[in-house]
Amino acid sequence: MIRIDNLVKSFGAKRAVDGVSFTVERGEVVGFLGPNGSGKSTTMRMVTGFYPPTSGRITVGGHDVAEAPLQAKRLIGYLPESAAAYPDMTVEGFLRFAAQMRGLEGDAQKKAIARVVELCFLDSVLHQTIDTLSKGYRHRTCLAQALIHDPQVLVLDEPTDGLDPNQKHEVRNLIRELGRSKAVIFSTHILEEVDAACTRAIIIDRGRIVAQGTPQELRALSALAGAVTLRAEGATEQALASLGRVERVGGAWRVFPPAGAAAPLVPAVLELAARSGWRIEALRTEEGQLDEVFRRITLPDTVKK
Amino acid sequence: MKALWIIAKRELSGFFTSPVAYVFLVIFLLIAGFLTFTAGAFFERGEASLAAFFGWHPWLYLVLVPAVGMRLWSEERRAGTIELLLTLPVTPWQAILGKFLASWLFLALALALTFPVVLTVNLLGEPDNGAILAGYFGSFLLAGAYLAVTCMTSAMTRNQVVAFILAVVVCLFLILAGFNPVTDLLVRWASPAAVDTIAAFSVVTHFDGFQRGVIDTRDLLFFVSVMGFALFTTGVILRGHRAG
């Protein structure tokens, strides 16, 4: 649904987005990760037609965003980063405006408004003006606006920003649910959201894609991935060192597989334990941590700046 | 086309959901009345015309029209709603025209509410109502020209105050270029042809005809082109912000 080819956006001498290419198909939820100022929002603004790209091509549902902006925009629901909404309008008035702009009238308009009000839990604030709303409600009002025409493509810039933990949870579930039938791309810098909602994640740093894959694939990039954490009576560092690098973690030992090792480490640890007569209290294979991967990939650049 | 009216409707209702509209209408009518009857010496003139009323409009609008238009784009940019608006399925021109027309209609309403002055002059004498109608039409165009200029300055900045001041300065130039004290001063050291050229840029010069009941195509064209130019520039400025 979304196809991006070699997208570049410069602001003066600064390249905010520098040769980004990816696609998002229907049924996918793509998480867009990156440190602040890495080009996430700029990319999204180009996808939605707000910024014209310096070079490169974006098509949404087969429509070129630069050449047929109206057709492309009709397919997209967009939640901007600021979750901006007209402060002097009521929630209902604002949603009606959004519905009208999407060509919804009469019964279809009423149904669409009722649907998003329910989805985003806006019932209690329907007649309040937007400037009297708390941040969470304002955010959800803007999200409701993005969903009003049941778009095929959803572009959400930090959809959980400013929400409380319960609301975050609801929005993540909503995104996952919507992702079954739509192409969804959302940006975040909260890594747990990648696990909670994404089918695929793209890590972007300084305008370039530095890693992408399913959450599992990304975690496998972690130095921790494949390590075995063991707590056992009688275990010694010397014995474990024969399997790989050993580290003391709290009351347990953590063994890292040697670089390039293909076989899982657990059977070897178990065999060693049996041979040495250790009594195992806990044993776990580490999956790797996304935040560690994220830091390792993006930190050198941040420090350089 | 439909999107344009939806935007205009939203903008117009925005005036009335806040106190802006009511404050503006009251102030506008008070000042218009004061200028006409006190400063303009409406009764002392002893003639059945609205010259005392229309003559002040370039000055009256100088402050009040930028006050109406200053938030048009600067507020959208400051609040970030411009991102929302321009990613809806509309062209930038529909958005620019929609917002402009809404404010222009609001100014038309303010102007229409001055109708008691027409009743007064009809009660006291037998004025040329055709000339009065032409005067109203000219005044409406004058307000549109100022408003388009304000649209343009409003697109330049996120700050409403800056937009207001810039608009007042540009509109002041549009008045002074043809204001008699200024042209008299210019004549001393510039050729009459040059003075005429400068004066041709003035709204005062082009508004005069309307007040006398003459609708000249050249005057009409002047106001329409000021609006066209300013709104086109608004589009260029808005695109410039996004192009980076």
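In this predicted model, B:Thr87 touches five residues of the partner chain that can be picked out one by one, namely A:Thr48, A:Phe50, A:Lys73, A:Tyr78 and A:Arg102, when residues up to four places away in sequence are left aside. B:Thr87 itself lies in helix H6 of chain B, and because its relative accessibility is 6%, where anything under 20% is called buried, this residue counts as buried. Its side chain also turns to the backbone of its own chain, reaching the backbone oxygen of B:Glu83 at 2.7 Å and the backbone oxygen of B:Leu84 at 3.1 Å.

B:Glu83 leads us across to the other chain, for B:Glu83 forms a salt bridge with A:Arg45, in which the closest N and O atoms are 2.9 Å apart. Across the interface of chain B and chain A there are 2 salt bridges by the rule applied here, and the count of residue pairs in polar contact between the two chains is 8.

Which helices of chain B each supply at least two residues of the side that touches chain A? They are helix H1 (2-17), helix H5 (71-79), helix H6 (81-87) and helix H14 (217-243), and the one that gives the most is H1(B), with 8 residues. Sorted by class, this side of chain B has 12 nonpolar, 7 polar and 7 charged residues.

Taking the interface as a whole, 26 residues of chain B are in contact with 29 residues of chain A, and the two chains bury about 2600 Å² between them, of which 64% is on carbon and sulfur atoms.

Terms used. Residues numbered from 1 in each chain as written. Chains lettered and ligands numbered in written order. Predicted model: local features only at pLDDT ≥ 70, side-chain atom pairs only at ≥ 80, totals over all residues. Heavy atoms only, no water. Contact = heavy atoms within 4.5 Å. Buried area = accessible area lost by both parts, 1.4 Å probe. Salt bridge = Lys/Arg side-chain N within 4 Å of Asp/Glu carboxyl O. Polar contact = N/O pair within 3.5 Å; in protein donor to acceptor, adjacent residues only side chain to side chain. Helix = DSSP H or I, 4+ residues; strand = E, 2+ residues; numbered from the N terminus. Nonpolar A, V, L, I, M, F, W, Y, C, P; charged D, E, K, R; others polar. Buried < 20%, exposed > 50% of the residue type's maximum accessible area, 1.4 Å probe, protein only.
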